[in-house]
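Colleague: I am new to this structure. Please show it, and let me ask how each label is earned.

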Amino acid sequence: SAITAGDSFLHQKPQKSKKSTMVSLSDYYSSYGEYHSNKINKWIHIICVPILVWTLVALFVYAPLESGDISAQFTRKTGLPLTYALPLLVVMAAFYLYLEIVCGTILVAFLAFTYYSTFSFVSAFGYDTAWKLALVVHASSWIIQFVGHGVYEKRKPALLDNVLQIFAAPFFVTLVSAVYVWISR
């Protein structure tokens, strides 16, 4: 099946580059992949990680960046307020594009959609309800992932060894999904 073939691809023995002291993409993600070998736990992540990113951005859109003229120009050009969510998304997008251009581009599109759609969410539900809904869904997604690791993976999440793995999760989910789609063709 595509999932089995994808698993073998993602768990290949990493090859260190002789030209660079940096860890290669395959090193990084085979390490992350070791924490995600159970099929059910992978599906939990494929569903919950995008929800976590979206709800995190939804929570960050409540924190406007007040920088005078720059903020006003941004709002005039986009119709959206400049918030702390945008610098976070720009750093994430740059990191993902640096890692790999195709998966990075897919994630940049998702991050752009996320930024714009969270404002619609706030408009639809109102500030007081929207942040509470985002927080409940965000917390629930974390709980579901921890259950996935405890019950199905029987291993602690990668982020407990390195909290920066939180930023690896969206890329890993995109990579896993791309491999599954590619192999399923």
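Colleague: What makes W54, F121 and F125 a cluster?

Modeller: Ring pairs link the three residues. Rings of Phe, Tyr and Trp (its six-membered ring) pair if their centres lie within 6.5 Å; planes under 30 degrees apart count as stacked, over 60 as edge-to-face and the rest as tilted. The structure holds 7 aromatic pairs.

Colleague: Before we go on, what kind of model is this, and how is it numbered?

Modeller: This is a predicted model: local features need pLDDT of at least 70, side-chain atom pairs count only at pLDDT 80 or more, and totals for chains, interfaces and linings use all residues. Residues are numbered from 1 along each chain as its sequence is written, and side-chain values use heavy atoms, with hydrogens and water left out.

Colleague: Y115 and F119 both lie in helix α6 (residues 101-125). Why is their pair called edge-to-face?

Modeller: Their centres are 5.1 Å apart and their planes meet at 80 degrees. The distance is within 6.5 Å, so the rings pair; the angle is over 60, so the pair is edge-to-face. Along helix α6 they are 4 residues apart, about one turn of the helix.

Colleague: Why is the pair of F121 and F125 called tilted instead?

Modeller: The angle between the planes is 55 degrees, and the centres are 5.2 Å apart. That angle is neither under 30 nor over 60, so the pair counts as tilted. F121 and F125 are also 4 residues apart in helix α6, so about one helical turn separates them.

Colleague: Are these four residues of α6 buried or exposed?

Modeller: Buried means under 20% relative accessible area, exposed over 50%, partly exposed in between (1.4 Å probe, protein chains only). Y115 has 3%, so it is buried. F119 has 12%, so F119 is buried too. F121, at 15%, is buried. F125 has 45%, which falls in between, so F125 is partly exposed.

Colleague: Where is T83, and why is it called buried?

Modeller: T83 sits in the loop between α4 (69-78) and α5 (85-99). Its relative accessible area is 1%, so it is buried.

Colleague: What is T83 in contact with?

Modeller: Contact means heavy atoms within 4.5 Å. Leaving aside neighbours within four places in sequence, T83 is in contact with F60, V61, A63, P64, L65, Y115 and F119. Y115 and F119 are the edge-to-face pair from α6.

Colleague: How do you know that the length of α7 fits a helix?

Modeller: Helices (H or I, at least four residues) and strands (E, at least two) are DSSP runs, numbered from the N terminus. The expected span is 1.5 Å times one less than the number of residues. For the 27 residues of α7 that gives 39 Å; the end C-alpha atoms are 37 Å apart, which agrees.

Colleague: Which residues of α7 are buried, and what covers them?

Modeller: The buried residues of α7 are A130, A134, H138, S141, Q145, G148, H149 and E153. Their cover includes α3 (39-60) and α6.

Colleague: What makes E153 buried?

Modeller: E153 has 10% relative accessibility, so it counts as buried. Apart from neighbours within four places in sequence, E153 is in contact with Y35, H36, S37, N38, N41 and G148. The C-alpha atoms of E153 and K42 are separated by 9.2 Å, though the two are 111 residues apart along the chain. Just after α7, K154 takes a positive phi of about 55 degrees.

Colleague: How many disulfides are there?

Modeller: A search of the whole structure finds 0. A disulfide needs a pair of cysteine sulfur atoms within 2.5 Å. C48 is buried, at 5% relative accessible area. C103 is buried as well, at 5%.

Colleague: What is the overall secondary structure?

Modeller: The protein has 8 helices and 0 strands. Of its 185 residues, 40% count as buried. Among contacts with a separation of 6 or more, residues 24 or more positions apart account for 71%.

Colleague: Which elements have the lowest and the highest mean pLDDT?

Modeller: pLDDT is the predictor's confidence in each residue, from 0 to 100. Helix α1 (residues 2-10) has the lowest mean, 45, and helix α7 (residues 127-153) the highest, 93. Over residues 1-6 the pLDDT is below 50, and this stretch has 10 contacts in the model beyond near neighbours in sequence. The protein averages 81, and 80% of the residues score at least 70.
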